[in-house]
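Colleague: I would like to learn how to read a sheet and a pocket in a model like this one. Could you walk me through it?

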Amino acid sequence: MSQPKRSPEELRSHRWYGVKDLRSFGHRSRTAQMGYTRDDYAGKPVIAIVNTWSDINPCHTHFKQRVEEVKRGVWQAGGFPVELPASTLSEPFQKPTAMLYRNMLAMETEELLRAYPADGVVLMGGCDKTTPALIMGAISANLPAIFVPAGPMLRGNWQGKTLGSGSDTWKYWAELRAGNITEEDWQGVESGIARSPGHCMTMGTASTMTSVAETLGLSLTGAASIPAPDSRHAQMACSTGKRIVEMVWEDLTPKDILTETSFDNAIKVALALSGSTNSIVHIIAMARRAGFPLTLDRFDALARHTPVIANLRPAGAYLMEDFYYAGGLPALQEVMKSLLDLNQLTVTGKTLGENIAGARVFNDDVIRSLDNALSERDGIAVLRGNLAPDGAVIKPPAAEPHLLVHTGPAVVFENHQEMSERIDDPALEITENSIIVLKSAGPQGAPGMPEWGQLPIPKKLLEKGVRDMLRISDARMSGTSYGACVLHVAPESHVGGPLAFVQTGDQIELNVPERKLNLLIDEDEMARRRATWKAPEPKFSRGWGALYQSHVSQANEGCDFDFLETIPVTDITDQEPDIH
C-alpha cells in the first residue's frame, strides 16, 4: 500500500460517525443496534458493497457467497463493509428488456452512494446491463470504486458436443424449426447449455463488458476471465475487498483512472475479442458520464486497424473457460500491447503495462498472434447513409461473407408482433436475397431497444438450407448472436428516422467495406413519405416508462438520460449528510 493521502478525519463517513452532535449519536446508536461496536467502524473506511444478487438472476446466484468473501477482504484490510442490495437486471427474465432498466440501476447506484456514509464502493455485477449500469453510477458518484465481475459459467454440454450460451440456442432452434432435430434433442440442449453459476460463457455482452471494465482499469488484473465456479474467483473477490480499502486511503477515484485513452484501449480490446455490438452503446454511455464525448466514428476508426485475435464464439470456436486457461484477458492484452497505451492507471495503483507484464498465452489457437488473426480488421463496422444518417452497426466476422456487399428487396414488418405472426407464413413473399426489415424496435419504439436484431429466418428458407440473410432493425442483438444483422439504426423509426419510411419491395444497398447503408429511393419520394408519416402515441403515461421515454437518447448517443450524461458540478463528497 502506498502512503495514505487521507487521515480518518478526512473520510466522508467521518461526517456520519466521527463528529460529536445529535445526528452522529443517532448514527452510532443505530449501528450498535445492528450488533457493531465503535471499534468495528471508528476511523475506518466504510465500504459500500453494491450487490445485484437476486433469486431471479441466474448469472449472480453465487453472489450470496462472493459478497461474504468481499467483506472478508474489507475486514482484513481494516475497513467496515456495508452491503447495499440494488436492482438486479436479469437478462434471461426481465421484460420487455433489461436495457429499459439500465439507467434505473445507474441512478440507484449513484443515489445509494450519495445518500449513505460510503467512503468507497465495491460493485458486484456481470449479467449484461449490470456492468455498465454500476459503472455509470460509480463514475457520476466519483468515490473510490472497484468492480467484481460475476465471471462466465462453465461450458455447456449435450451428447458430447460443447454448447455455448445463446449461440447454440439460435443454432439448434433453427435446426428444430427446419426439422433436422427432434423435440427430445431440443430438450437435451435446454438441460445442458447452462450448468453452473455465472453469465454467458460465449463472448457475449457480459464477457465483453467485464473485459471492458478491466481494460478501463476498474477491476483487478485478470478478474474478468475467471469462471464463476473456480475457487480463484472467490480469491479475487477477497482481494478486491482488500484493495478498495487501500484505494480509499489513497483517494483513488474513477476520475483519476478514466481518460479518453483508457476508453480507446477498452474499445480496441473489445474489437480484438470480437465483442458484442451492445458494448458500443454502453461504452459511449460510460464515456459520456466521465466527460468524454465518444462517438460511433471513433469505434469505426479503431476497428479499421484492430485485428480480431480471440477465437471465441460466436465469431470463433472456443468459450470463456478455454480463454481463461489460455491466459485470459492479460494474455490477450500482452499480445496486442503494441496497439494499447500501457501507461494508463488502474485500480491496482499500477499502470496497465505493469499489470500485464509477464502474461503468457498457453493456447495460441484460442488467443491468436497479431499475424495469425481470426480477422485482420473490422470486428465491427459503422454504417451510414440515407437509411441511417446517425449511424448503424454490423459485426462482419459473425456474418456470411457474401452478404457484406448486398442489394435486395425489403420485406418490412412494422413491429415485433407482426413479424412473429407472419415470418413463418408459407405465403410470405421472400427469398434468401430479400432483406428483412423490422421497425419499432429502438429505445423508444419497442420500448427499451430489446435484443430482437437477430431477426428469424423464415421456416421455408431454413428448410431449403438458408442459415443467414441480411436483416436490418433499430434493435440490438444479443452478443451471443450471429448473422448479417444491421443493428442500432439511428435515428430509430419511432421518432421519425428514415427506417420508418421503408416499404416492402424497396431496394436496400449494404456495402460494409464502403460503410454504406442506403434506401434506394429518390429524395422526392423520401420527402413525400416523411410528410405523410404520423408519430406513434407514447408508450407510457406514468412511472419509470414515462421518465424513460422523455429523456432517453438514441443508440448512437449511448441511450443514457439527457440529465445524467455528464459529471455533476457538485461532487457528492462535498454534500452535507442527513439534512432534514
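Modeller: Gladly! Let us start with one strand pair: E1 and E2 run parallel to each other, joined over 6 bridges. Keep in mind that this is a predicted model.

Colleague: How do strands of a sheet pair in general?

Modeller: They pair through backbone hydrogen bonds, in either a parallel or an antiparallel sense. For a single case here, take Val-46, whose bridge partner in E2 is Phe-80.

Colleague: In what order do the 4 strands of the open sheet come?

Modeller: The order is E2-E1-E3-E4, with parallel pairing. E2 and strand E4 (145-149) are the edge strands, each pairing on one side only. From one strand to the next, the twist averages 20°.

Colleague: Now the pocket. How much space lies in the second largest pocket?

Modeller: The second largest pocket holds about 400 Å³ of space. Its lining has 19 residues, and those closest to the centre are Tyr-17, Met-34, Phe-80, Val-82 and Pro-117. Elements giving two or more residues to this lining include helix H1 (14-17), helix H2 (22-33) and strand E2 (80-85).

Colleague: Which element gives the most to that lining?

Modeller: That is E2, with 5 residues. So the edge strand we met in the sheet turns up again here, and Phe-80, the bridge partner of Val-46, is among the residues closest to the pocket centre.

Colleague: And what is the lining like by class?

Modeller: By class, the lining of the second largest pocket has 14 nonpolar, 2 polar and 3 charged residues.

How values were computed:
Residues numbered from 1 in each chain as written. Predicted model: local features only at pLDDT ≥ 70, side-chain atom pairs only at ≥ 80, totals over all residues. Heavy atoms only, no water. 1 Å grid on protein atoms, 1.4 Å probe; cavity = no way out; pocket = protein on both sides within 12 Å on 5 of 7 lines; lining within 4 Å. Points joined across faces, edges and corners; volume = space filled by probe spheres on them. Nonpolar A, V, L, I, M, F, W, Y, C, P; charged D, E, K, R; others polar. Pairing = 2+ DSSP bridges. Axes fitted to C-alpha atoms, helices over the stretch in contact; angles between N-to-C directions.
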